[in-house]
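Here are some short exercises to work through with the model open beside you. Try each task before reading its solution.

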Amino acid sequence: MSSKNDILSAIRRHTGKRYDMPELTLDAITYEDKITQFTDSLKAAGGQAVLMQPGDDINDIIRRHFPDATRIASNLPGITCATFNPDDLDDPRELDNTDLAVVEGHFGVAENGAVWITRGVKHKALYFISNSLVMLIDRSSIVNNMHEAYKRTENMTYDFGAFISGPSKTADIEQALVLGAHGPVGVLVVLR
C-alpha cells in the first residue's frame, strides 16, 4: 500500500508546468456604507440582518425573531436561549428537527450578503440541517466584495468553510422554487 507521501510524490512527478498565483489588480466594487449594503444584499437573498444597539440582549433578539423555536442549538457562551449544545451529540443525525442554530461567523460580504463561517461545532451538518440559522458577526468585519473576502481567508486554517447568504433555495426546470432544500429556510445575521 502506498503512503500519503508516495502518492503526493507521484502527483508532483506527473504534474506539468506549475504556475504561481498571479497578482490580481481589479477595480472591484466598494461601498461607502458597507453595513447598509450588507443588510440590503442579505435581504435581497431572503435573509435578514439586525444591527445590535447598546443595551440589546442577543438572546432577546433571537427569541423575538424566532418565537416558536423550541429546539435551539448553540455552543457559544452567552447564548442562554439555546436548549442544547450540539457538541454533546455523538451522531450528527441527532441534529435532525433542530429549529434553530446560533453560530459565529468570521465576517460578512457587503456585495452579496454572505457570511464566511468555518467549522465551530463538532458536526458541520448543523449549518445545513437546522430549520433556521442565526450567524453572529462583528459589524466592523464586513468587507466590500468577494475579492476582499478571499484575501481574508488566505491565511486561515480550517477543515471546513462556507459562504452562506440567505436561506437555501433551489428551483427545477419548471421553475418551482423550493426553500430549505439544502439548508436553512430562514437566516438572520446579527451584527454586533
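**Exercise 1.** In this predicted model, decide whether S74 is buried or exposed, then find the polar partners of its side chain.

*Solution.* Start with accessibility: the relative accessible area of S74 is 6%. Buried means under 20%, so S74 counts as buried. Next, place the residue: S74 sits in the loop between β2 (72-73) and β3. Now look at its side chain. A polar atom there lies 3.2 Å from the backbone nitrogen of L76, and the side chain also reaches the backbone oxygen of V102 at 2.9 Å. Finally, list the neighbours: setting aside residues up to four places away in sequence, S74 touches I79, A82, F84, N85, P86 and V102.

**Exercise 2.** Find the helix that holds A149 and work out which residues A149 is in contact with beyond its sequence neighbours.

*Solution.* A149 belongs to helix α5 (residues 146-153). Its relative accessibility is 0%, so A149 is buried. Leaving out neighbours within four places in sequence, its contacts are F107, V109, V143 and F163. Take V109 as an example: 40 residues separate it from A149 in sequence, yet their C-alpha atoms are 6.8 Å apart.

**Exercise 3.** Which residues have the most contacts inside the largest nonpolar core?

*Solution.* This core has 26 residues, and F38, M135 and V189 have the most contacts inside it. Elements supplying at least two residues each include α2 (34-44), β6 (132-137) and β10 (186-191). A second, separate core has 17 residues, among them A69, I72, V134 and V190. To finish, follow F38: beyond four places in sequence, its contacts include A49, V109, I137, V189 and L191.

How values were computed
Residues numbered from 1 in each chain as written. Predicted model: local features only at pLDDT ≥ 70, side-chain atom pairs only at ≥ 80, totals over all residues. Heavy atoms only, no water. Core = buried A, V, L, I, M, F, W, Y, C linked by side-chain atoms within 4.5 Å. Buried < 20%, exposed > 50% of the residue type's maximum accessible area, 1.4 Å probe, protein only. Helix = DSSP H or I, 4+ residues; strand = E, 2+ residues; numbered from the N terminus. Contact = heavy atoms within 4.5 Å. Polar contact = N/O pair within 3.5 Å; in protein donor to acceptor, adjacent residues only side chain to side chain.
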